[in-house]
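Please open the model in your viewer and keep the selection panel at hand; the tour moves from one selection to the next.

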Amino acid sequence: MDVEWAKLLGENVAEKVKTIGQIWTAMGIEGTRLQARKETLCTHLYSMLDAMFDEEIVAQQTIVNSIKELKVKISELESELGFSHSTLAEPLNLIQTEKALFDRFKLLEEKASSITETFNSLRNEEEALAARLDEPTAVILFRHVPNQGQLRTLKDNLDFLTQEKRSRLLRLSELRQEILNIHAAVDIGDLATRSLFTRLKSEDALETLPLSKVFLSEVETLQCACEQLLSAVRSECDQLCVEIEKLAVRLNLDHADFLDLDQPTSSSFLTQLREERNRLTELRRKNLSVFIHNCRTELQELWDVCRLSEYDRVAAMSRDSEDCSESVLERLEAEIVYWKNFHAGHKDVFESLDAWQTSFSQFRDIESKKKDPIILKNRGGILLQVEKQYKQLQREVKRLENLLQKLAADPLHSNLMIHGMNILEFMEASRRQQLEDKENDVNQRRPAQLKRKGDGSPAISSVNRSVRGRYPGNKAACSETPFSSRVKKPRLDSSRTIMTRTPLRQFGLPQGEPLRSAQAHQ
């Protein structure tokens with residue numbers, strides 16, 4: 001407290017009281033009246049001082065209460081904001097303390113207001129996303145202002161919802177585009193009348209449609225239903241394309257002569273395919289006789305390469321119908337498919353037999369050359385060349401025979417019949433026929449040699465026959481016998497080699513039944 005101010009105040013009060021006393025003396029106020037005046041002056045001075053004291057006490061208490069309230073608010077804000085508690089740097093009186101605390105509170109309040117505004121903005125955005133995605137919002141509780149951790153939680157959840165929105169929006173866009181593409185390509189029927197499809201067709205569908213898992217599941221269900229319809233159309237289109245290609249091949253048509261099959265799947269394309277299939281089917285029906293003739297020719301060529309016996313050929317052809325109908329063509333095509341599969345199953349045997357037949361025929365020819373008188377004269381070293389070729393062919397024939405023996409022992413080919421004989425029997429029959437042909441050649445040359453000795457003329461064989469093609473070891477040409485005979489001669493002469501009959505199968509089977517043949521058990 002200022003002592004000088006109190007001393008000066010006391011002196012002023014004493015002087016004023018002294019002056020008042022002088023006035024009272026000059027006025028002649030004495031006795032009881034003077035005493036009453038004094039008491040009145042004291043009462044007035046004391047009451048005024050008491051009133052002022054009470055006012056100052058109240059003012060002081062108000063400042064103290066304000067300081068306490070500011071400290072509590074500051075402490076709460078600092079705690080919620082995650083700030084460290086601050087203290088005044090130096091001792092201050094009540095008013096200075098209140099002002100300093102109030103400034104601190106206003107600073108924190110502005111910071112809290114900014115954070116709250118940011119939080120509310122993020123919360124509104126989160127609630128909008130959560131409502132569209134049908135996902136829960138982040139649970140965040142606070143009294144005055146969210147702290148940094150709560151803001152981070154809100155932002156993390158908002159980032160998750162934003163990423164989920166992008167993912168689901170992309171998925172919805174893909175499903176919507178697929179559905180609209182399918183609708184543009186094929187007729188989806190009752191699916192086009194659903195309210196969901198109508199909502200998907202709207203231009204602002206991606207901005208307004210919900211992105212919940214339940215809604216996406218409904219869209220996926222609709223897409224699957226549309227995809228099934230498209231798949232059914234595509235399957236039918238593929239089947240029709242295969243049929244048309246087969247018909248075009250059968251009719252020997254160029255690509256420019258039938259429908260372009262390289263088109264996207266659509267209802268209109270399906271209609272075109274059906275019309276084209278019907279057109280080619282009608283054209284095929286008008287040319288059945290040509291197709292059946294070609295099938296029979298192809299079938300006999302397959303019999304040749306599969307070395308079917310003559311007995312089996314005659315039996316199969318005798319059961320063939322002379323009619324030109326679809327059923328006959330189907331039976332012939334089924335036979336062709338069967339014999340193609342049969343040849344593919346025993347391809348290694350047939351290829352080995354071809355090689356063996358070729359080598360075996362060359363071996364016989366070179367063996368005959370060795371006995372030719374011209375070769376025996378060894379003019380120009382021809383005999384050495386023949387001997388060398390003979391040994392090479394002998395080794396090759398031996399190698400192929402060993403290979404064929406191994407193949408014959410294989411269970412896959414153990415029951416394979418070559419002209420009605422198994423592989424080893426066929427090879428043995430070939431060797432026996434070679435010996436018989438040698439004896440016949442000797443018997444044929446002997447009269448010519450005796451005649452030449454008698455008249456001195458060169459020997460000319462009276463029998464002009466071709467050895468090639470009659471030996472089992474030689475390959476027969478596919479065109480040896482004209483198709484009009486409808487029977488292909490086997491590579492073995494039935495008059496020279498015993499022909500064993502093989503079990504026969506029906507020439508044509510009903511559509512859909514498994515194929516069986518004389519060699520089906522292989």
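In which helix is the place of E401? Select helix 14 (residues 382–409), where E401 has its place; helices here are DSSP runs of H or I with at least four residues, strands runs of E with at least two, numbered from the N terminus. This is a predicted model, in which local features need pLDDT of at least 70 and side-chain atom pairs count only at pLDDT 80 or more, while totals for chains, interfaces and linings use all residues. Residues are numbered from 1 along each chain as its sequence is written, and side-chain values use heavy atoms, with hydrogens and water left out.

Stay with E401, which counts as buried because its relative accessibility is 10% (buried means under 20% relative accessible area, exposed over 50%, partly exposed in between, with a 1.4 Å probe and protein chains only). Now add W356, M427 and R431, which E401 touches when residues up to four places away in sequence are not counted; contact means heavy atoms within 4.5 Å.

Next, select L273 and W339, the residues with the most contacts inside the largest nonpolar core, which has 97 residues (such a core is a set of buried Ala, Val, Leu, Ile, Met, Phe, Trp, Tyr and Cys residues joined through side-chain atoms within 4.5 Å). Helix 7 (residues 213–251) gives the most to this core, with 14 residues.

Finally, show the whole chain, which has 15 helices and zero strands; of its 522 residues, 32% count as buried.
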